[in-house]
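Trainee: Before I use the labels in this description, I would like to go through how each of them was reached.
Mentor: Then let us take them one at a time, setting each value against its cut-off.

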Amino acid sequence: MIVVTTKSGEDTKELGAQLSTLVRPGDVLLLSGDLGSGKTTFAQGFGRGLGVADPIISPTFTLVRTYRGRLCLVHCDAYRLDRQAEVEDLGLAELLEDGAVGLVEWGEVVAPTLPADYLEVRMEMGAGDDDRVITMRPVGSSWSARTPALEALLSRWAA
Ligand code: ADP
Ligand code: MG
């Protein structure tokens, strides 16, 4: 588990951009945290890091949005989904197979349909208004193998 703290929205974007340098086609990040904790802000930085030019906006009402960057980015919000069938309808698995990178907000309901390997990113409010404590947990061998690289990349935000 890697725990870091960011001090502003821009700081979280920069962290997301740094993290994006480690991803490969088919990777998934599960973002969890309360409303306003910074999941979409993180996604914006992550997209910036992947070279996505279009603005990344919250997928809350559309459920899935795709963007083109160095890799295809699929951003989805599973908050309103409560059944497995609805999750499958998103088509995320197919997009990942085609080499996209997936960012899934409120990932819990989606987890059973995803690859066995993923990076869990949990965002929580910190002590100050603009502080966010971000806990990352690599799941599966592909992400575990990248833990040292992840730690090195994120050392400047180490909590
Ligand atoms: P979520 O998608 O989790 O609901 P958003 O990213 O939409 O959250 O909103 C987070 C809000 O908190 C934004 O207005 C952002 O500017 C603000 N904010 C303040 N500090 C931070 C921080 N350290 N990290 C992320 N967002 C922050
Ligand atoms: Mg959001």
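**From pocket to cysteines**

Mentor: In this predicted model, the largest pocket is lined by 13 residues, and those nearest its centre are L35, G36, K39, T40 and E105. The volume of this pocket is about 190 Å³.

Trainee: What makes up the lining of the largest pocket by class, and which element gives the most to it?

Mentor: By class, the lining has seven polar, three nonpolar and three charged residues, while α2 gives the most, with three residues.

Trainee: Which residues coordinate the magnesium ion, ligand 2?

Mentor: T40, through OG1, and E105, through OE, coordinate the ion at 2.2 to 2.8 Å, and donors are counted within 2.8 Å of the metal, so both residues qualify. T40 belongs to helix α2 and E105 to strand β5, so the pair ties together parts that are 65 residues apart in sequence. Both T40 and E105 are also buried.

Trainee: Which residues of helix α2 are buried, and what covers them?

Mentor: In α2, which spans residues 39-49, the buried residues are K39, T40, F42, A43, G45, F46 and G47. Their cover includes the helix α1 (9-20) and the strands β2 (28-32), β4 (72-77), β5 (101-105) and β6 (118-125). After α2 comes G51, whose phi is positive, near 80°.

Trainee: Why is E97 called exposed?

Mentor: Exposed requires a relative accessible area over 50%, and E97 has 70% relative accessibility, so E97 counts as exposed. E97 is in helix α4, residues 92-97. From F42, E97 is 55 residues away in sequence and 24 Å away in space, C-alpha to C-alpha.

Trainee: How do you know that C72 is in no disulfide?

Mentor: A disulfide needs two cysteine sulfur atoms within 2.5 Å, whereas the sulfur of C72 is 12 Å from the closest cysteine sulfur, in C76, and therefore too far for a bond. C76 is likewise in no disulfide, with the sulfur of C72 as its nearest cysteine sulfur at 12 Å. A search of the whole structure accordingly finds zero disulfides.

Trainee: Why is C76 called buried, and what is C72 called?

Mentor: Buried means under 20% relative accessible area, and C76, at 1%, therefore counts as buried. C72 has a relative accessible area of 28%, which falls between the 20% and 50% cut-offs, so C72 is called partly exposed.

Technical notes. Residues are numbered from 1 along each chain as its sequence is written. Chains are lettered from A and ligands numbered from 1 in the order in which they are written. This is a predicted model: local features need pLDDT of at least 70, side-chain atom pairs count only at pLDDT 80 or more; totals for chains, interfaces and linings use all residues. Side-chain values use heavy atoms; hydrogens and water are left out. Buried means under 20% relative accessible area, exposed over 50%, partly exposed in between (1.4 Å probe, protein chains only). Helices (H or I, at least four residues) and strands (E, at least two) are DSSP runs, numbered from the N terminus. Contact means heavy atoms within 4.5 Å. Donors are N, O and S atoms within 2.8 Å of the metal (3.2 Å for Na, K and Ca); water is not among the atoms, so sites may look incomplete. On a 1 Å grid over the protein atoms alone, a cavity is a set of points where a 1.4 Å probe fits but cannot get out, and a pocket is an open set with protein on both sides within 12 Å along at least five of seven lines; lining residues have an atom within 4 Å of a point. Grid points are joined across faces, edges and corners, and a volume is the space filled by probe spheres set on the points. Ala, Val, Leu, Ile, Met, Phe, Trp, Tyr, Cys and Pro count as nonpolar, Asp, Glu, Lys and Arg as charged, and the others, Gly among them, as polar.
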